[in-house]
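Open your viewer and get ready to click along. We will go from the whole chain to single side chains, one selection at a time.

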Amino acid sequence: MTALTDQSDYKTVRFSETTITELMIPSYSNFGGKIHGGILLSLMDKVAYVCAAKHAGNYCVTASIDTVDFLQPVEVGELVSLMASVNYVGNTSLVVGIRVVSENIKNNSVKHTNTSYFTMVSKDEHNKPAKVPGLILEHREHVRRFIEARRRKEIKQSYMKEVEQIKMPDNYEHCIELLKGERCLVAG
C-alpha cells in the first residue's frame, strides 16, 4: 500500500480475528464416542460469520467452504478452539481461514484437528452484495495467506470449468460402456 492510498476503507487482519472455544459435551458425540463432524462444521461456520461480519461491518453469508479434512478425532470433554482470521478480500467477498485445535485439559495435550477456508459474502440491508473494506497485511504471514487464498480461488475457478466437462454424456449406451469394470450393477 502506498502513502497515497486512502486507508480509511481498510482494516487490519487483527481487527476481526476471532476465537471461539467450546467444551465438547456428550450430546455432541456420535455412536463411536467422537464428536460429530457436523458439530465442528457448525462451530466453524459460526466463527467464520463472526470474523467476516466484524471485518465487513455487515451481515455475511457462507458462499462456499473449501475442503474440510478431519485430521484427528475430537473427544467428549475436550475444549475445541476455532481461530479465524480474514485471509483475503475481494469486492464483496472475503475468505476466512479457520484453524481448529482440540485440548485435553486432563493431560495438557493439544492437537490440530483441521484447517478450512470459508468464502463469505457481505450483504447490505437490502440483501444485496456489499463492498467489503480492503485488508491491511501487517506481517509476512498475512501476505502469505492472502497470496495462497488468491491462488486457491484461481484453482477453484479452473476446477469448476473442469467439473462442467464431466457431466454425463447424453448417449446412454456410451454411459453403460463407461461403467465396465466398475463395482456397480445397472438394473433394468
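Start with the whole chain: of its 188 residues, 32% count as buried, where buried means under 20% relative accessible area, exposed means over 50%, and partly exposed lies in between (1.4 Å probe, protein chains only). You are looking at a predicted model, in which local features need pLDDT of at least 70 and side-chain atom pairs count only at pLDDT 80 or more, while totals for chains, interfaces and linings use all residues. Residues are numbered from 1 along each chain as its sequence is written, and side-chain values use heavy atoms, with hydrogens and water left out.

**Stop 1: the overall fold**

Switch to a cartoon view. The chain has 4 helices and 7 strands; these are DSSP runs, with helices (H or I) of at least four residues and strands (E) of at least two, numbered from the N terminus. Trace the sequence and you will meet the pattern β-α-β-α-β-β-β-β-β-α-α. The radius of gyration is 21 Å, well over the 16 Å that the globule rule gives for 188 residues, so the chain is more spread out than a compact globule. That radius is taken over C-alpha atoms, and the rule is 2.2 Å times the number of residues to the power 0.38. Rotate the model: the C-alpha trace spans about 65 × 50 × 35 Å along its principal axes.

**Stop 2: the annotated domain**

Now select residues 14–126, which an unreviewed UniProt entry lists as "domain: HotDog ACOT-type". UniProt positions follow the numbering used here, feature names are shortened, and annotations may be inferred rather than shown by experiment. This span is 20% helix and 45% strand, and its end C-alpha atoms lie 29 Å apart.

**Stop 3: the nonpolar core**

Next, show Met24, Leu82, Leu94, Val96, Ile98 and Met120 as sticks; they touch the most other members of the largest nonpolar core, which has 32 residues. Such a core is a set of buried Ala, Val, Leu, Ile, Met, Phe, Trp, Tyr and Cys residues joined through side-chain atoms within 4.5 Å. Colour α2 (37–56), β4 (79–89), β5 (93–104), β6 (109–123) and α3 (140–164), the elements that each give two or more residues to this core. Which element gives the largest share? That is α2, with 8 residues.

Zoom in on Leu94. Leaving out residues up to four places away in sequence, its contacts (heavy atoms within 4.5 Å) include Ala52, Val86, Phe118 and Val132.

**Stop 4: charged pairs**

Side chains of opposite charge can pair when their charged atoms come close. The whole structure holds 10 salt bridges, each a side-chain nitrogen of Lys or Arg within 4 Å of a carboxyl oxygen of Asp or Glu.

Select Asp66 and Arg152, whose closest N and O atoms are 3.9 Å apart in a salt bridge. Asp66 sits in the loop between β3 (59–65) and β4, while Arg152 is in helix α3, 86 residues apart. Is Asp66 buried or exposed? At 18% relative accessibility, Asp66 counts as buried, whereas Arg152, at 22%, is partly exposed.

Add Lys156, which also forms a salt bridge with Asp66, at 3.6 Å between the closest N and O atoms. Lys156 lies in helix α3, so this pair ties together parts that are 90 residues apart in sequence.

Finally, stay on α3 and pick Arg144 and Glu148, 4 residues apart, about one turn of the helix. Their side chains meet in a salt bridge (2.7 Å, N to O). Show Glu141 and Arg145 too: with Arg144 and Glu148, they are linked in a network of salt bridges.
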